[in-house]
Amino acid sequence: MDKQINLSGFVAALKKNSIAMAAIPMGYSAGLPILSIKKKKVCITVPFFKFAQVNEVDKSLIFPIRYTLTALWATGKIIELRDLAYHPRFENVDFSKPIGLFRHQSIQEFNAGQYRQKREELYSMYDKLIAFLQDDAEYTQQDESEFTTLLNIILEPSLVPIYRALGDEFATKFITEKSAE
Amino acid sequence: MFDAFTAQFAVANANTDADTIGTGAGLDGGGINEAVLVYSDTDIDELFDTQQMLSDIDGGNVYDTIESFSDSEDIGYDDQITAEADVTADDIADIILHDIDVDGDGVFDIRIEEFHLDVNGDGHIDTVIFSADEDNDGFFETLEIYQDQDEDGMFELVLPEGVELEYIDPSGYSVDFDMDVFPNYNPDASHINHEAVVGDPDASMQHWEFQGDTNRCALHAQQFIIEELTGNEIDIEEFEQIAQENGWFDDGTSQQFMNKMLDYYGIENEMTMNNDLSDISECLNNGGKVIVAIDADEVWYPDNGSVIFAPDNPNHAVEVIGVDYTDPTNPMVILNDSGHPDGCGSMIPADQFVDAWNDSGCQMIAAY
């Protein structure tokens, strides 16, 4: 895999992977990735969930994350696909019911361009963190602070409990508690 | 400071020479051996393979720590080290640490830690925390908690708590379709040059159905085609059931399975990516039928001003039933769109359609 690829491109390629295209129904969007280390390798877990536009501008119903796809950063190889409907920790989750309403409080004031820019900044910080985890680059306290701030601005609050269940180490380090709005 | 070796002992088994010897040492001059070193030949091969150090760390005149060093493979050095500590002085090890060199390269590969706890304070161990670093990278890949909750002496694995979510009431929100968002094909419209219309949209429109609040778009698109090509009506409920039973539909259809019902009904078809409008036109010109995957938000809500949450997301399947080239500078793509209540023969400007189609990689199913 080209080492210059960024996380955004990595996720885009993952979505077009034949495994994803076969297992994940249309309409499921990729959420913010979870990073982890397995057997000393950086892994990227991409959650997939549905949302539905409704009759108000900037109001979309958010549904629980249903699928996750985990791949090795270095090679892009998919190492795990999960349908959470069959996962014991999610047996009480009703995936057909909405849990949140986009846009959430922390991005209310952004226009489309500003929102896109914040997402791009967040993905840049993801790239920095991945480079650090790969032992390729330095990573400062400032970088961590910036990543944490951006992540918690962009991340939909109603999805936080699911992120904690999917990646406790990542969530504990980077996701702050906030209530859904 | 060691004073004298105050005791040496040897234990012989019934058949050989001594297989266990020990030596004790006093460390604080108090006349009590704070440490005892025991060598054992556990596999009775006349080589001492295990040594244990029993220590009285807290000076309570009771051995509270045991460290075991074992050369389990007789390779000349210790490949397993176990340390047990009785921190509560109840003669039961509370903390047990294992280091294991699996491949005999002199480097410990696995670290296992166990903590035995009396959580309810009744004097019996009721909780064991087990963690393992299986590749010695400092990260414990396994963390398990076992509890004897019913005090039957059997420890059961405690599973992580299930995820509980708060749901919102969607009744205040609805999908309000704009019934004027696009025109519909009217074969009787005077402005249409029928010579310039590719496909037979009028015939195809007879088979359109609205999918309602379901995710059956890909099923409907296939249903429309099968009905038109075979002349047989299809019950969508039965159609869905077949798809479900075969794993091709689970609250939606994946891009890879958008043609499976065509296969099931023996309709010849081909799925390809990276197509363009000319590919669609060619198929329709040849009497074929076309299904594509698009981002429906770009068709249904082109200008609603929302901050789009997930751009470039294929979320819908439609049948393309024609292309109207009456105005060659502004071709209109004609759809049978089951997802919109006004989707029968809906007409979308080609540029807008291609934008929405791009999000699926211009996936196309050509059926004959």
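This tour moves through a predicted model of two protein chains, stop by stop, with a selection to make at each one.

**Stop 1: the contact between the chains**

Begin by displaying chain A and chain B together. Their contact draws on 50 residues from chain A and 45 residues from chain B. Between them the two chains bury about 4,100 Å², and carbon and sulfur atoms account for 60% of that area. Next, select A:M21, A:M26 and A:Q53, which supply 20% of the area that chain A buries against chain B, more than any other three residues.

**Stop 2: aromatic rings in chain A**

Over all chains, the structure holds 13 aromatic pairs. Select A:F147 and A:F170 and look at the angle between the rings. The planes stand at 75 degrees with the ring centres 6.3 Å apart, so this pair is edge-to-face. A:F147 belongs to helix α4 (residues 141–154) of chain A and A:F170 to helix α6 (residues 168–174) of chain A, so the pair ties together parts that are 23 residues apart in sequence. A:F147 and A:F170 are both buried.

Now extend the selection to A:Y123, A:Y126 and A:F174. Ring pairs link these three with A:F147 and A:F170 into a cluster. While A:F174 is displayed, add A:K173, which lies over the face of A:F174 at 5.9 Å from the ring centre. For another charge placed over a ring, select A:K50 and A:F63: the charged end of A:K50 sits over the ring of A:F63, 5.9 Å from its centre.

**Stop 3: backbone features of chain A**

Select A:F102 and A:R103 and show the backbone. A cis peptide bond joins the two residues, with omega about 20 degrees. A:R103 is placed in the loop between β7 (100–102) and α3 (112–133) of chain A.

Then select A:K39. This residue has a positive phi of about 50 degrees although it is not a glycine. A:K39 is found in the loop between β2 (34–38) and β3 (41–53) of chain A. Is A:K39 buried or exposed? With a relative accessible area of 62%, A:K39 is exposed.

**Stop 4: chain B as a whole**

Hide chain A and colour chain B by secondary structure. Chain B comprises seven helices and 18 strands. It has 368 residues, of which 43% count as buried. Among its contacts between residues at least 6 apart in sequence, 44% join residues at least 24 apart. The chain exposes about 18,900 Å², and carbon and sulfur atoms supply 50% of this area.

**Stop 5: helix α2 of chain B**

Select residues 217–230 of chain B, which form helix α2. At 1.5 Å a residue, its 14 residues should span 20 Å, and the end C-alpha atoms are indeed 20 Å apart. The helix is mostly covered, with 12 of its 14 residues buried. Among the buried residues are B:C217, B:H220 and B:F224; keep these three displayed for the next stop. Just after the helix, select B:G231, which takes a positive phi of about 80 degrees.

**Stop 6: B:S338 and its surroundings**

Select B:S338, in the loop between β16 (332–336) and β17 (344–349) of chain B. Although placed in a loop, B:S338 is buried, with a relative accessible area of 1%. Which residues is B:S338 in contact with, leaving aside its neighbours within four places in sequence? They include B:C217, B:H220 and B:F224, each of which is a buried residue of α2(B). To complete the set, add B:W208, B:E209, B:F210, B:Q211, B:G212 and B:H316.

**Stop 7: a loop and a ring pair in chain B**

Move to B:N274, in the loop between β13 (269–272) and α5 (277–285) of chain B. B:N274 has a positive phi of about 60 degrees although it is not a glycine. At 69% relative accessibility, this residue counts as exposed.

Finally, select B:F353 and B:W357. Both lie in helix α7 (residues 350–358) of chain B, four residues apart, about one turn of the helix. The two form a tilted aromatic pair, 5.5 Å centre to centre, with 35 degrees between the planes. B:F353 is buried, with a relative accessible area of 0%, and B:W357 is likewise buried at 0%.

Notes
Residues numbered from 1 in each chain as written. Chains lettered and ligands numbered in written order. Predicted model: local features only at pLDDT ≥ 70, side-chain atom pairs only at ≥ 80, totals over all residues. Heavy atoms only, no water. Phe/Tyr/Trp six-rings, centres within 6.5 Å; stacked < 30°, edge-to-face > 60°. Helix = DSSP H or I, 4+ residues; strand = E, 2+ residues; numbered from the N terminus. Buried < 20%, exposed > 50% of the residue type's maximum accessible area, 1.4 Å probe, protein only. Lys NZ or Arg CZ within 6 Å of the ring centre and 35° of its normal. Contact = heavy atoms within 4.5 Å. Areas by Shrake-Rupley, 256 points an atom, 1.4 Å probe, with all protein chains shown as cover. Expected span 1.5 Å × (residues − 1). Buried area = accessible area lost by both parts, 1.4 Å probe.
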